[in-house]
Each structure stands twice: as C-alpha cells, then as structure tokens.
Amino acid sequence: MATTAPAKPHNAPPSTKAEIVDVRYPHKELVERLSPGGRYIDAQTDVDSPWVPFGDTAAIKHLAFDVRRNLFSNILWVKGPGVVGTHLHRGTITMVCLEGSVKYLEYDWVASPGGLILEVPGEAHTLVTDHPDGVKLFGWMEGPIEFYDDNGDFSFTADVWWFIEHYENYCKEQGIPINEKLYL
Ligand SMILES: [Fe+2]
C-alpha cells in the first residue's frame, strides 16, 4: 500500500541576517529603466498629501494614482455621522477601517477599526456612519465609481482622472506643490 509522503514543513524565511543581499535578478536593468518604483507615502501627516474637502463634512487624503489601471488609493474621512451617497462600482474596492465605524444600508454588518471591506464590480450601495467621530477608511480602489441621485438617476463618474483633478485643483487653489510621488 502506497504511503503518503510526509507533509512539507512550513519553513520560516531562510535568513535572519539584517543585511542587503544581491538576488541577481536577471532583469534588474530593465526594472531600473522602466519601473515607476516602489515608494513610501506618509499618510499620518499632511507632508505628502493634504486633506482635500469632499463635500462639507468629509475629506480625502489622496495617496496614489495609477492611470494605466484606473487605480487610486486614499483615505476617506467622514468627520461625523454622515452619508456618502449611493454609488455603483465598475471595479474592485479594498478598504480597511482605520477609525470610527461605517456600514452600508444594503448590508447587515458594521465595520470597525482593523476590519477589511471588499467590494466588487456591479455592487451599488450607500455608505453611512453613525459614529460620533465618523469614520476614516483607507482604500485601494479600482474605478470607475458611478454616483446616482435620490431618484436613481446617474449623476457623475469618479475614476482615476476625477481623483487626480480633485487633488490637483485643491493644491493649485492652496498653493501646495503637486507631489510627484503620488503618481505611479
Ligand atoms: Fe463603495
């Protein structure tokens, strides 16, 4: 009777040496020439990106724009109990609740700090926070997002270009230099 091979142990990473190791990746020169490069964006302060008003009671801190894939990253801050109107996603949304709490009228859960929210194309929903401090949501999002009015009629589309314009218009208005680091 054939015996089952013993399960492979789950190995820890091979080294604990805190030193740069050359991995001899064969495409290193191409990466250096063509890659937009990884980067660090300070999301805790306004050094890399300011809070840009989003209506009267909310603000967005833009963190990254990728025009090739219609991707954008930001923190949405609803500053007290409030609503972000009904919208329909055409792309996939990944969000983490950082502070406060948030729910959607269409679902039965309430997100609290540390919680992960996944949204998929074709979903329409209405974001509500009942928390006295509102909510801060970090998002890595794919557009477009279509907003609808109270009658369910199409209002406008927010895609990567909309988010870039939202950021740049505010910077121009306030005399804040555009941060090239936000553009992937
Ligand atoms: Fe959404």
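Two strands pair if DSSP finds at least two bridges between them. Helices (H or I, at least four residues) and strands (E, at least two) are DSSP runs, numbered from the N terminus. The structure is a predicted model, in which local features need pLDDT of at least 70, side-chain atom pairs count only at pLDDT 80 or more, and totals for chains, interfaces and linings use all residues. Residues are numbered from 1 along each chain as its sequence is written.

**Exercise 1.** Determine which strands pair with strand 10, and over how many bridges.

*Solution.* Begin with strand 3 (residues 71-78): eight bridges join this strand to strand 10 (residues 135-142), and the two run antiparallel. Within this pair, W77 has K136 of strand 10 as its bridge partner. Next, take strand 5 (residues 93-100), which is joined to strand 10 by seven bridges, again antiparallel. Here I93 is matched with M141 of strand 10.

**Exercise 2.** Place strand 10 in its sheet and state which strands form the edges.

*Solution.* The sheet is open and has six strands in the order 1-2-3-10-5-8, with antiparallel pairing. Its edge strands are strand 1 (51-53) and strand 8 (116-119), each of which pairs on one side only. From one strand to the next, the twist averages 25 degrees (axes are lines fitted to C-alpha atoms, for helices over the stretch in contact; angles run from 0 to 180 degrees between N-to-C directions). Further along the order, strand 2 (residues 58-66) is joined to strand 3 by eight antiparallel bridges, with F72 in strand 3 as the bridge partner of F65.

**Exercise 3.** Identify which strands helix 2 lies across.

*Solution.* Helix 2 spans residues 160-174 and lies across strand 1, strand 2 and strand 3. Its direction is at about 120 degrees to strand 2. Contact requires that the C-beta atoms of two residues, placed from the backbone, lie within 7 Å.

**Exercise 4.** Describe the order of the other open sheet and its edges.

*Solution.* Six strands follow the order 7-6-9-4-11-12, with antiparallel pairing. Strand 7 (110-111) and strand 12 (154-158) are the edge strands, each pairing on one side only. Inside the sheet, strand 6 (residues 102-104) and strand 9 (residues 124-129) are antiparallel and share two bridges. In this pair, Y104 has L127 of strand 9 as its bridge partner.

**Exercise 5.** Explain why the chain is described as more spread out than a compact globule.

*Solution.* The chain contains two helices and twelve strands. Its radius of gyration, taken over C-alpha atoms, is 21 Å, well over the 16 Å that the globule rule (2.2 Å times the number of residues to the power 0.38) gives for 184 residues, so the chain is more spread out than a compact globule.
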